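Notebook open, structure loaded. I want to go through some salt bridges, then a chain–chain contact, then a pair of domains.

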Amino acid sequence: MTAAETAAGGRLRRTLPRIPDRFAAFGAALIVIVVVASILAPWIAPYPDEPNPLELLRPPSAAHWFGTDQVGRDVLTRILYGGRTSLFIAVAVLAVSAVAGVTLGVVAGYAGGWVRDVIMRVTDVFLAFPALLLSLALAVVLQPSVNTVVLAIAATWWPWYTRLSASVAASIATRGYVDAARCLGVPAPLIILRHVLPNSLTPVLVQLSLDAGGVILTAAALSYLGLGAQEPTAEWGLMVQQGQTLFTTNWWVVTFPGLAILVTAFAFNVIGEGLRNALDPRSGGARQERAKPTSAGAAATMSTRVVK
Amino acid sequence: MIEVRDLRVRYGTRVVADVPVLDVGEGECVAIVGESGSGKSTTLLSLLGLTPDAEISGQIRVCGLDVRTAPPRRLREIRGARAALVMQSPQAALSPATRLGVLMRRALRLHGREATEQIMSEAMEAVLLDPALLRRYPHEVSGGQAQRFAIALAIALGAEVILADEPTSALDVTVQAEVVGVLRRLRAERGLALLLVSHDLALVSTIADRVLVMKDGVVVESGAAAEVLAAPSHPYTRELLEALP
Amino acid sequence: MARYLARRLGQALLVVAGVVMLTFAVMRLVPGDPAVAFAGPKATPEQLAAARERFGLDDPIPLQFVNYVRDLFTGDWGTSLRTRQPVRDDLYLAFPASLELVGAALVIAVLIGIPIGVLAARYKTKFPDFGVRFTSMLAVSVPVFWLALAMQLVFAGHLGWFPIAGEYDSSLDSTSPLTLWTNITIVDALITGNWPIFTSTLEHLVLPALVVAAYPTGMIAQMARAALIEESGQDHARLERALGFGETSILTRFALRPALSPVLSLIALVFAYSIVNGFLVEAVFNWPGLGRYAAESIKSLDTPAIAGVTLLVALVYTTANLIVDLLQGVVDPRARAR
Amino acid sequence: MTMLRAERVTLGYGKRPVVHDVSLDITEGGVGLIGESGSGKTTLARAFLGLLTPMSGNIWYGDKTLKKADLRAFRKDVQPVFQAEALDPRMRIGSSIAEALPRGDRARVRELLEQVGLDPDLAARRPHQLSGGQRQRVVIARALAVGPGLLILDEPTSALDVTVQAKILDLLAGLDTERLLITHNLAVVERLCRTSHVLFAGRIVESGPTKDLLAKPAHPYTKALRDAVPKLGGAPPEARGRTEAVPAATGCPYRLRCPIAVPECEQAPALRDAGGGRQVACHRAGDVT
């Protein structure tokens with residue numbers, strides 16, 4: 001009776017109205033603002049993103065809310081255009097990493113044995129490789145640009161998804177419904193597509209939202225080191241780098257792009273946290289059995305959250 | 001020992017348990033029987049104030065203390081020392097990184113009791129366990145041993161009543177007999193009162209003096225075990241009896 | 001447990017081998033001819049040939065790789081094209097400073113992160129919890145390089161509480177020279193009781209260490225909170241309540257130790273990330289660590305140096321992982337049974 | 001009649017054997033495999049289903065071993081009924097059943113749901129929207145979809161409430177397929193299986209007609225199993241303190257718990273005939289009162 005009893009208990013908890021996590025809602029609102037502002041940049045930007053010799057290094061004023069930079073461009077406008085770059089990088093990196101990482105991870109998790117060992121060792125190598133250095137090397141090899149940044153970060157980001165989806169897929173591979181499918185003679189690839197993948201998505205989805213902030217930070221760092229977006233593209237990290245020498249005299253040139261990175265990364269992290277609590281992996285199928293020490297389970301979800 | 005009048009346990013708007021009367025006298029064994037979702041476990045846990053998120057109405061007196069109005073400190077004094085809990089999943093009920101002996105010693109010291117080797121060994125032997133197990137971690141003992149250790153904790157602290165929430169349903173049949181046998185012996189030798197929650201009517205019939213039958217949060221029948229099980233008046237109790245293979 | 005660790009050691013060696021291969025491959029991809037970089041753009045063909053010969057650049061790739069690995073073992077990590085010094089010596093000088101910075105940052109992160117994590121778990125959904133969640137969320141969202149600039153401007157520039165840059169007041173080199181044991185300045189100063197250098201290094205260390213500590217502190221606080229809340233939601237917490245223990249003692253005496261195991265594995269991951277973060281902070285605070293060395297090597301395409309730094313960081317990361325695995329056994333007995 | 005047989009099978013995960021040298025025939029009228037947790041009964045079930053290849057010995061399907069047999073035919077003839085998590089939480093139960101059908105035709109799905117006593121409109125629901133009993137019926141419907149000759153049931157009812165369990169047992173009794181039933185519940189075996197085998201620490205300690213086995217157990221473990229089950233109004237169980245001893249690695253595995261163990265038990269007793277279709281592996285089989 002125990003399983004039925006706990007299942008009933010489980011349903012009891014789920015039916016309780018989940019207290020709306022104001023924290024996550026706040027994060028969601030922030031993200032909507034950032035995304036909408038970035039997409040509408042060309043229409044809502046107060047000035048064109050071009051140098052204006054007459055307006056060099058103006059402090060924040062009614063005309064220029066965030067002031068102007070050393071070549072007279074309006075800082076607010078550049079931040080709006082910069083938002084597009086950052087969001088593009090975030091979405092592109094996460095898409096590439098998730099697709100590559102999850103595919104490898106699910107195959108490794110389901111197949112097990114030497115297949116899993118080979119894939120996991122290769123993953124470990126990329127995990128051990130300092131992400132920034134691999135990114136730097138790739139950025140140097142492929143001439144610095146926004147696309148290079150995407151490739152460079154994705155090259156060091158996919159392993160997290162492989163490790164996460166491998167552990168989730170491995171636990172799903174032991175479930176009754178997978179054995180039942182095997183007994184029906186369903187071929188392995190179809191079992192992976194029809195059963196293992198859908199049930200592995202929840203933890204991966206949570207991970208994606210948690211990582212978005214991290215990708216933006218890493219992209220900005222690369223641009224700050226001059227290996228990401230190049231002049232004249234508007235990119236927050238680049239803006240901080242260009243303005244850093246003026247920090248003591250013209251504080252706004254550096255402060256506002258930095259704040260933009262902070263706010264966006266913060267919003268993504270908050271949503272990720274809220275999503276993780278709402279889609280508690282336990283209900284998502286990743287950690288249903290109580291046998292596994294659950295604090296290690298928290299580790300599996302949390303430690304993969306560490307941002308490279 | 002335990003007096004309950006018009007207990008109602010609510011989660012939000014749903015009444016999960018409605019128990020008009022529940023009494024457990026000295027040395028008496030009362031069983032609450034029902035299927036999953038009947039509210040039997042919630043009822044038991046609410047008696048020790050272990051259902052924090054629920055709204056509880058009605059009157060609960062355990063070992064002379066009104067559980068609902070007593071200050072937290074007074075409540076903590078009777079928890080473990082006067083009224084002890086035995087839970088359903090033995091291993092999960094023990095902190096994974098604490099040796100059994102350390103847990104017992106801390107519990108004894110918490111209640112101002114001496115935690116000597118002798119006292120702890122006696123408690124272990126009372127439940128037919130080798131005192132050497134005190135040096136082990138919970139994952140190094142079997143389910144039956146962990147469950148009997150929980151009972152040993154109650155013995156060491158000198159509890160007068162044990163509240164057992166499905167103590168044997170997670171155990172193998174042979175091990176189940178062992179745990180129930182220990183409970184029965186302690187009741188005979190030490191006059192220990194027992195409130196047993198179970199879905200197993202047969203098990204209850206071998207040990208309970210009085211029985212409450214619950215269905216969907218409501219007590220449908222209660223009375224002396226012999227009478228209720230021999231001549232059930234409520235159709236649901238009959239259905240339960242007939243379903244026994 | 002021993003068998004498990006042996007297997008983990010084997011895996012770690014495999015990973016290091018993989019990293020060596022990857023580094024070698026990446027080094028070969030970097031454009032520009034190392035010979036030109038070493039001999040200089042105006043070098044004569046003979047000098048170029050000599051340089052090619054010296055680095056064995058004409059040998060077939062597999063042979064170059066074998067030589068590369070052999071050199072690695074013999075400690076010859078190649079010669080830096082920029083500093084003309086053996087990469088090993090450059091690393092020997094630069095790495096301790098990075099270790100000093102990241103080490104200090106991690107000490108701060110653990111000493112602040114875990115306690116506020118416990119605090120948040122204890123007062124779940126009340127104000128302290130919200131405060132800790134908000135600040136730790138901010139800490140993991142702030143761009144490190146920007147924070148470094150801001151802290152430097154405010155606390156060093158305007159307020160003048162701390163020195164702007166550098167590891168310690170270089171004038172002290174003459175007044176009270178430091179004898180080197182571990183090559184980590186602050187440690188050596190402590191051991192040899194060289195107080196002037198010790199206090200000066202400490203002053204210089206505060207700002208950069210706090211900046212590097214932001215991310216790990218936020219992560220550790222969040223992990224400690226999540227793991228503690230999860231552990232105190234377990235069945236055993238209910239039995240401990242039923243034994244009369246109060247919430248605080250359940251958290252600290254029963255839930256904390258099992259909850260530490262995920263925190264520990266997080267510390268290893270965050271340690272590696274902080275080394276990389278340290279690179280950015282070193283540039284701003286002119287800290288003589290690996291970061292500055294790597295940044296300059298990359299600007300000048302100094303491939304042997306870049307490879308050296310990469311290998312070193314990968315080795316440190318793998319070792320950190322191994323140490324954590326060992327500590328897991330100490331923290332959580334179930335890990336010992338594995 | 002589905003011919004499925006285990007011949008001196010040793011099974012395990014990695015290098016650690018869990019089931020040791022077991023031979024077992026699936027005979028008419030239902031075969032019960034009785035054992036407690038850790039006895040290896042689920043491992044044996046997975047081997048019979050072809051999900052686990054034996055470390056030594058063979059599983060015979062008809063006149064060929066499972067390795068060489070025509071797996072397509074085998075898959076149609078032998079189907080599992082698992083207990084926990086047997087339905088994909090994300091899939092509608094209709095499509096879970098349809099997975100067993102070639103073209104997933106809707107009519108056949110509705111027919112199967114009716115056959116197991118469920119309202120066909122439930123096809124659109126997801127598993128967590130159903131009760132434990134309903135979920136188990138869906139699992140049975142899926143197993144019946146390919147028209148199997150033999151069902152291998154692993155603890156089909158132990159997660160269910162007593163009243164629900166009774167109805168599922170009625171449903172299973174009504175099916176005309178052969179069955180290998182794996183459980184710890186003696187009453188369920190008595191109801192559905194003509195012959196039974198008792199498994200302890202991966203070895204068969206006793207087998208024979210279920211009724212005789214439970215009425216006059218020849219092996220002390222079978223007797224302990226039977227006596228431990230509380231009977232309505234029966235005598236309260238006695239605690240003897242030896243039940244938790246770990247199975248012995250050498251000799252008879254039960255000897256550390258056995259009330260009538262003698263020095264001779266240090267030599268592993270072979271499973272030998274005890275007449276009346278009974279087999280038992282115990283040096284003192286006769287003296288079990």
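I started with B:Glu166, which makes a salt bridge to B:Lys40, with 3.5 Å between the closest N and O atoms. I used the usual rule for the term: a side-chain nitrogen of Lys or Arg within 4 Å of a carboxyl oxygen of Asp or Glu. This pair links distant parts of the chain, 126 residues apart: B:Glu166 is in the loop between strand S7 (161-165) and helix H6 (173-190) of chain B, and B:Lys40 is in helix H1 (residues 40-47) of chain B. Helices (H or I, at least four residues) and strands (E, at least two) are DSSP runs, numbered from the N terminus. I looked up burial too: B:Glu166 and B:Lys40 are both buried. Buried is under 20% relative accessible area, exposed is over 50%, and partly exposed is in between (1.4 Å probe, protein chains only).

Note to self on the ground rules: this is a predicted model, where local features need pLDDT of at least 70 and side-chain atom pairs count only at pLDDT 80 or more, while totals for chains, interfaces and linings use all residues. Residues are numbered from 1 along each chain as its sequence is written, chains are lettered from A and ligands numbered from 1 in the order in which they are written, and side-chain values use heavy atoms, with hydrogens and water left out.

**More salt bridges**

I got 36 salt bridges over all chains. In chain A, I checked A:Glu273 and A:Arg276, whose side chains meet in a salt bridge at 2.9 Å, N to O. Both sit in helix H11 (residues 251-278) of chain A, three residues apart, about one turn of the helix. A:Glu273 and A:Arg276 are both buried. Chain A also has a network of salt bridges that links A:Asp49, A:Asp69, A:Arg73, A:Arg78 and A:Glu231.

In chain D, I found D:Asp227 bridged to D:Arg226, with the closest N and O atoms 3.1 Å apart. Are these two buried or partly exposed? D:Asp227 is partly exposed because its relative accessible area is 40%. D:Arg226 is partly exposed as well, at 23%.

**Chain C and its contact with chain A**

Chain C has 15 helices and zero strands. Its C-alpha trace spans about 85 × 55 × 35 Å along the principal axes. Of its 338 residues, 56% count as buried. I also looked at contacts (heavy atoms within 4.5 Å). In chain C, among those between residues at least 6 apart in sequence, 72% join residues at least 24 apart.

Then the interface. The contact takes 53 residues from chain C and 54 residues from chain A. Together they bury about 5,000 Å², 77% of it on carbon and sulfur atoms. Buried area here is the accessible area (1.4 Å probe) that two parts lose on being put together, summed over both. C:Met137, C:Phe145 and C:Trp146 supply 13% of what chain C buries against chain A, more than any other three residues.

How many salt bridges are there between chain C and chain A? I found zero. There are two residue pairs in polar contact, both at pLDDT 80 or more. A polar contact is a pair of N or O atoms within 3.5 Å; within protein, one must be able to donate a hydrogen and the other to accept it, and residues adjacent in sequence count only if both atoms are side-chain atoms.

Helices that give two or more residues to chain C's side include H6 (127-141), H7 (144-158) and H12 (247-285) of chain C. H12(C) gives the most, with twelve residues.

**Two domains in chain D**

The domain assignment, automatic or from a database, gives domain 1 (4-215) and domain 2 (216-289) of chain D. Their C-alpha centres lie 27 Å apart. I noted 18 residues of domain 1 in contact with 21 residues of domain 2, and a buried area of about 1,700 Å², of which carbon and sulfur atoms give 60%. D:Phe200, D:Val205 and D:Glu206 supply 35% of the area that domain 1 buries against domain 2, more than any other three residues.

I counted one salt bridge between the two domains. D:Glu206 bridges to D:Arg278, with the closest N and O atoms 2.8 Å apart. There are also ten residue pairs in polar contact between the domains, both residues at pLDDT 80 or more.
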